[in-house]
Amino acid sequence: MNYEQWRQTAAQQLNTHNPDENGKIDAMALLQAVTHKSRAAILAFNDTTLTDQERSILDTFLQRRLQGEPIAYIVGEKEFWSLPLKVSADTLIPRPDTEILVERTMELALVRLAQLQEEQKCQTFGEKKSGRILSGLRILDLGTGTGAIALALAAELEPITKRRQIPLEIIGVDNVPGVVELAQQNALSTGLSVRFLQSDWFDRIESKFDFIVANPPYIAQDDLHLSQGDVRFEPRSALVATEQGYGDLRHIITAAPVFLKPNGWLLLEHGWQQGEKVRSIFQKNLWYDVATIFDYGGNERVTLGRWKR
């Protein structure tokens, strides 16, 4: 059987099993993962015969997909912010909506970098000559998972801070040792300078940051979506929170001020119907400039606030 024959057969099975999914896209993704060929190469040389080993692996992968397992878990990789990231059954699968969080953080970070540049200009010659370390930009990513958010921010900010000679430190934390190890592997494979640590939220954090970002668990324990689609295969610990989904969001909002520099920002991803409640938690805890950002589907997705003190 050649590439095209397997792709067409697999796509037909997938479409028959689940008409709501695009079988051709899934079949191509599996074929790329097993043959290590690009989409263009597979289409250009579609009469290439599969080896017995490739055919065996592909058939196993196809059965897993037919059972509903996400492609990302089957092939062990998912792209986020154009970064190829390893994923595992212990991590959430990075989703496009989370890029909204990265985009907004980047906008605020550029403003902060401009302020840091002004601080540089105000330094005396003597301070610079003495080797005094300039104030840098520091970002904390809570519940980092694959490291997607932290690494996306590093990909954008490293060239800018290097050019402007401003120190940059990005730290990602997660409570699961294996997840921290996977995030570290993603940092190595992408060549980005992010430090990953094991910590239960802020438990092992001792310093202050300009920005704290997080995509914490925010689904209620009895939410029907937990038994549907890709979510069925994702770790419950990364999805479900107490207080009908607000427990971790509330904890982060109330604890974050201790770990923020003056005028530092907290940005949180949450469910599409949770914006109003999350804003109220921010406001009750005396945050300023509280606002909610919409995702690509027009739903409330990220709420942020500034801590003045």
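This is a short chat about a predicted model, its second largest pocket and one glycine.

Biologist: What kind of model is this, and what does the chain average in pLDDT?
Modeller: It is a predicted model, where local features need pLDDT of at least 70, side-chain atom pairs count only at pLDDT 80 or more, and totals for chains, interfaces and linings use all residues. Residues are numbered from 1 along each chain as its sequence is written, and side-chain values use heavy atoms, with hydrogens and water left out. The chain averages a pLDDT of 91 (the predictor's confidence in each residue, from 0 to 100). 96% of the residues score at least 70.

Biologist: Where does pLDDT stay under 50?
Modeller: Over residues 129-133. The model has two contacts there beyond four places in sequence (contact means heavy atoms within 4.5 Å).

Biologist: New topic. Which residues line the second largest pocket?
Modeller: Among them are Leu108, Arg112, Asp210, Phe211, Trp265 and Arg306. A pocket here is an open set of points on a 1 Å grid over the protein atoms alone, where a 1.4 Å probe fits, with protein on both sides within 12 Å along at least five of seven lines; lining residues have an atom within 4 Å of a point.

Biologist: Which strand gives the largest share of that lining?
Modeller: S7, with five residues. Strands are DSSP runs of E, at least two residues, numbered from the N terminus.

Biologist: And glycine 275, buried or exposed?
Modeller: Buried, because its relative accessibility is 0% (buried means under 20% relative accessible area, exposed over 50%, with a 1.4 Å probe and protein chains only).

Biologist: What is glycine 275 in contact with, beyond four places in sequence?
Modeller: His270, Thr292, Glu300 and Thr303.

How values were computed. Helix = DSSP H or I, 4+ residues; strand = E, 2+ residues; numbered from the N terminus.
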